[in-house]
Amino acid sequence: MSEKKIAFGSEEVTAAAAAARRAPRLPPTRQESESAAADRAAHAAARERRDAQVRGVPSIAAMREAIKATARTLPTITEVPRLRALDRNAFRARAAQGLPFLMTGIVDRWPLAAMTVHTLRERYSHLPVRARVGDYVNTAFAPDRAMRDMGMLDYLDLVAAGTEGLPPYLGNLELRELNRFCHWPAYFDKMGPPRFWLGPAGTVTPLHCDYDDNVFAQVWGSKRIMLAPPHHDEFLYPCEANAILFGSPFDPEAPDYDRFPLARQAAVVECIVNPGDMLYVPAGWFHQVRALTFSLSSNRWARGVPLALGEGTGRLDTGASR
């Protein structure tokens, strides 16, 4: 005989299931909490081992420390140099210096640069996207930040209608249908897939650092990027999201030195990226990104030893992982 079902909200469930849902949830026991913490730690350790293997380094922690040690030898910069397009050898030689730089004459030749928002509406309205909504700045590195799934057309309509507070943002998405319209230079031996960033003026990615070399292409619109060197993490109150991503609560565009007094010592440099610009962000450099106009950007992270560490120079012993 099947168990009788009763209504529970908009569902029909068994009486036992309904009773279980009504019962107050007890806090986890100490043993349950410790077990969950151990599981999270094991998962994080396994991910870090995989990340190290992909990059060919002994450990991600060793790579981070080597990046910061190398950064301490760098000169302080007050502006980001703007260069013409570099070939692979010239790029790698410049990147080995460990400092950010801009290049022109690459992105403006991409077919994607000739497209418009109208193109997205006409050809790609069906694309599924995931938008950052609500206060995605203060929850940027939290596992439960607010996201909303929708179609590209729905997103563009939402932007056009306007919202209070932060505008919704399509950030760090794989939009594979757009990949064929981007012609990335082969600067690295191994790279992650292209990621896309789309949104109106006011969208922002708060201050953080990735421990991978990064090439960032500004396709449409303009953005302000604030940069600080890796070893200045000691002034920026970093928090770990994972082994290769650290966030900072400090806002270099609206500095609160009462809350973050050490940040006065951080060497922050401002960079404006315009349509057609490609920015190289060396591994470990902190950066905050704000759209000044409606913008489309794309980036790729390298998956190898950061160029500033110079394979074979002894700055990082990569032999242990091979």
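Helices and strands here are DSSP runs, numbered from the N terminus. By that count, H231 sits in the loop that links strand 11 (223–228) to strand 12 (239–242). Keep in mind that this is a predicted model.

So what is around that loop histidine? Setting aside neighbours up to four places off in sequence, H231 is in contact with K68, A71 and R72. K68 belongs to helix 3, which covers residues 60–71. With the same sequence neighbours left out, K68 touches Y211, P230, H231 and D233.

Are these two residues buried or exposed? The cut-off for buried is under 20% relative accessible area. H231 is therefore buried at 13%, and K68 counts as buried because its relative accessibility is 10%.

| Residue | Location | Relative accessible area |
|---|---|---|
| K68 | helix 3 (residues 60–71) | 10% |
| H231 | loop between strand 11 (223–228) and strand 12 (239–242) | 13% |

Now for the greasy parts. In soluble globular proteins, nonpolar side chains tend to be buried together. The largest nonpolar core in this model has 41 residues, and F91 and M278 have the most contacts inside it. Several elements each supply at least two residues of this core, among them helix 4 (88–95), helix 6 (152–161), strand 10 (214–220) and strand 15 (278–281). A second, separate core has 24 residues, including I60, I67, F260 and A283.

Back to F91: which residues does F91 touch, not counting those up to four places away in sequence? The list is L86, F101, M103, Y187, F188, V215, Y280 and L307.

Definitions and conventions:
Residues are numbered from 1 along each chain as its sequence is written. This is a predicted model: local features need pLDDT of at least 70, side-chain atom pairs count only at pLDDT 80 or more; totals for chains, interfaces and linings use all residues. Side-chain values use heavy atoms; hydrogens and water are left out. Helices (H or I, at least four residues) and strands (E, at least two) are DSSP runs, numbered from the N terminus. Buried means under 20% relative accessible area, exposed over 50%, partly exposed in between (1.4 Å probe, protein chains only). Contact means heavy atoms within 4.5 Å. A nonpolar core is a set of buried Ala, Val, Leu, Ile, Met, Phe, Trp, Tyr and Cys residues joined through side-chain atoms within 4.5 Å.
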